[in-house]
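Okay, thanks everyone, I'll keep this short. Have the sequence and the model up on your screens while I talk, and stop me whenever you like.

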Amino acid sequence: MNSELSSLQVKDIGEQGLLERLQRFCPPEIIGDDAAVLVTAPEQSLVVTTDVLVDGVHFSDVTTSPEDAGWRAAAANLSDLAAMGASPLGITVGLGLPGEVRVSWVERLYQGMTECLQKYNTSIVGGDIVRSPVTTLAITAFGQVHPSQIIRRSAAVVGDAIVVTGVHGASHAGLELLLHPELGKNLKNAERTALIHAHQRPQPRLDVLPILWKILASPCPMPISGMDSSDGLADAIIQICRASGVGAVLEHRQIPVPKTFNHWLTPEQALEYALYGGEDFELVLCLPQKLASALVQHLGEGAAIAGRITAGSTVLLHDEQKKFPDQVLSLSQGFQHFGQ
C-alpha cells in the first residue's frame, strides 16, 4: 500500500470522503437513500438486536487486528440472532471515530465485518459515522424467524436437558495466549493457533438452526428455550433459569472444553475458562432428553448435554466423581459492565 495512503487519517478526508470509501462494503442497490428497506418472508417475525463495542473494552490492537475486530463485531450480532432462532437479513453500523484514526484501519475493520457476513449471505445495509473521542462501534442486526420457531430464555421446564453446541473456554484461552505469549509452552503451534483463532474469529452458530428445526419438525411442537453463551456458559444457564423460574444442575465432567486444555491448564483453570471466560458464541438450548440427545448426535464433536433443568431457583455445579465440591453458580463471578 502507498505510504501516503496508509497514513491518511479520517480528518483528512472528512465524513463524506470516508462514507464514499465505505459504501463499497454495502450492496449498491440499497445504499443512497435515507434508510434501508429489508423484505421479510411471508409469516415471518422481524428480530432486531443491537450491540455496542468500545475500543479498549471489547477490542484492542494488542490482541486483534482491525479485520479481526470487525469479524468479532459482526459475529456477536449474528450470534444474538441465532440465539433467537432467526436467520439474518442485514446489519447497520454506527461508527464513532477520533479524527486521528487512519482511514486504512477503518477500511480493514469493514473488511473483517464483510468477511464474516458473507459467510452467512448477509450484508451491511446502512449506518452512520460521527466524531468521537473513543472508537466505538454500534451494530444493529436484523433477522427473521417464524413465530413458532422463536427461541426464548423463558421457555425452559423442569426435566429439560441442557445442550451446549460446542466447547467452552477456547476464546478466553486464546485471549490469554495473546496477552501472555509465555503461557502454554506445552502447546503445539497448531493447537496454539486454533485457540487464538477461536478468540479472533468466533463462529456464530447459525448452522445449528436448520439441524434443530429438522429434529423438532416444523412448526415446532413446543416452545424452545435458549440463548448464546457470549457472556459465559454460567451466565447463559443462570439467565435462562431466572427467566423461566427454574433451577439447574450442571455436571462438571460433561462441560465440553478443548482437549488441549489438558496440556497446560489445571482442572480448576479449565473450569473457570469454560464457565466465565465468555465470547465462545455457542448456543445453550433446553430440550426434552430424547430431542437433546438427537441434536448432540447430529452436531457431533464438541456438542454435549451438560446438565438438566430442575425445580427451584438454584443453579448448581455438581461433580459425580466428587473430586470437586458442589458449587452454586452466580452472575457475580463473571464479567459485568460497571461491576465493582
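So, helix H4, and who is buried in it: Val-103, Ser-104, Trp-105, Val-106 and Glu-107 at the start, then Leu-109, Tyr-110, Gly-112, Met-113, Thr-114, Cys-116 and Leu-117. That makes twelve of the 16 residues, so H4 is largely enclosed by the rest of the structure. Before I go on, remember that this is a predicted model.

Does the length of H4 work out as long or short, you may ask, so what span should we expect? With 1.5 Å a residue, 16 residues should cover 22 Å, and the end C-alpha atoms of H4 are indeed 22 Å apart, which agrees.

Now, what sits on either side of H4 in the chain? You come out of strand S2, go through H4, residues 103-118, and arrive in strand S3; this β-α-β crossover is right-handed. S2, residues 87-97, and S3, residues 124-131, run parallel and are joined by seven bridges. If you want a spot to click on, Gly-96 is opposite Val-130 of S3.

Let's carry on across the strands. S2 also pairs with S4, antiparallel this time, over nine bridges. There, Gly-90 has Phe-142 in S4 as its bridge partner. S4 has another partner in S1: those two run antiparallel with ten bridges between them, and Leu-53 stands opposite Leu-137 of S4. How much of S4, residues 136-145, is covered? Mostly covered, I'd say, as eight of its ten residues are buried.

Back to H4 for a moment, and on to the aromatics. The count of aromatic pairs comes to four. One of them is Phe-25 with Tyr-110, a tilted pair with 5.7 Å from centre to centre and 45° between the planes. What I like here is that the pair links distant parts of the chain: Phe-25 is in the loop between helix H2 and strand S1, Tyr-110 is in H4, and they are 85 residues apart. Are those two buried or exposed? Buried, both Phe-25 and Tyr-110. Elsewhere, Phe-261, Trp-264 and Tyr-273 make up one aromatic cluster.

Next one, helix H8, residues 233-244. From first C-alpha to last, its twelve residues reach 17 Å, close to the 16 Å expected at 1.5 Å a residue. Nine of the twelve are buried, so H8 too is largely enclosed by the rest of the structure. The buried ones are Leu-233, Ala-234, Asp-235, Ala-236, Ile-237, Ile-238, Ile-240, Cys-241 and Ser-244. Right after H8 comes Gly-245, with a positive phi near 70°.

Last topic, cysteines. How many disulfides does a search of the whole structure find? Zero. Cys-241, for one, is in no disulfide: the nearest cysteine sulfur belongs to Cys-286 and is 6.9 Å away, whereas the cut-off for a disulfide is 2.5 Å. Why do we call Cys-241 buried? Because its relative accessibility is 2%, and buried means under 20%. Cys-116, back in H4, is buried as well, with a relative accessible area of 0%.

So, if you take one picture home, take H4: twelve of its 16 residues are buried, it carries the right-handed crossover from S2 to S3, and its Tyr-110 pairs with Phe-25 from a distant part of the chain. That's me done, over to you.

Terms used
Residues numbered from 1 in each chain as written. Predicted model: local features only at pLDDT ≥ 70, side-chain atom pairs only at ≥ 80, totals over all residues. Heavy atoms only, no water. Pairing = 2+ DSSP bridges. Helix = DSSP H or I, 4+ residues; strand = E, 2+ residues; numbered from the N terminus. Right-handed = clockwise from strand over helix to strand, strands pointing away. Phe/Tyr/Trp six-rings, centres within 6.5 Å; stacked < 30°, edge-to-face > 60°. Buried < 20%, exposed > 50% of the residue type's maximum accessible area, 1.4 Å probe, protein only. Expected span 1.5 Å × (residues − 1).
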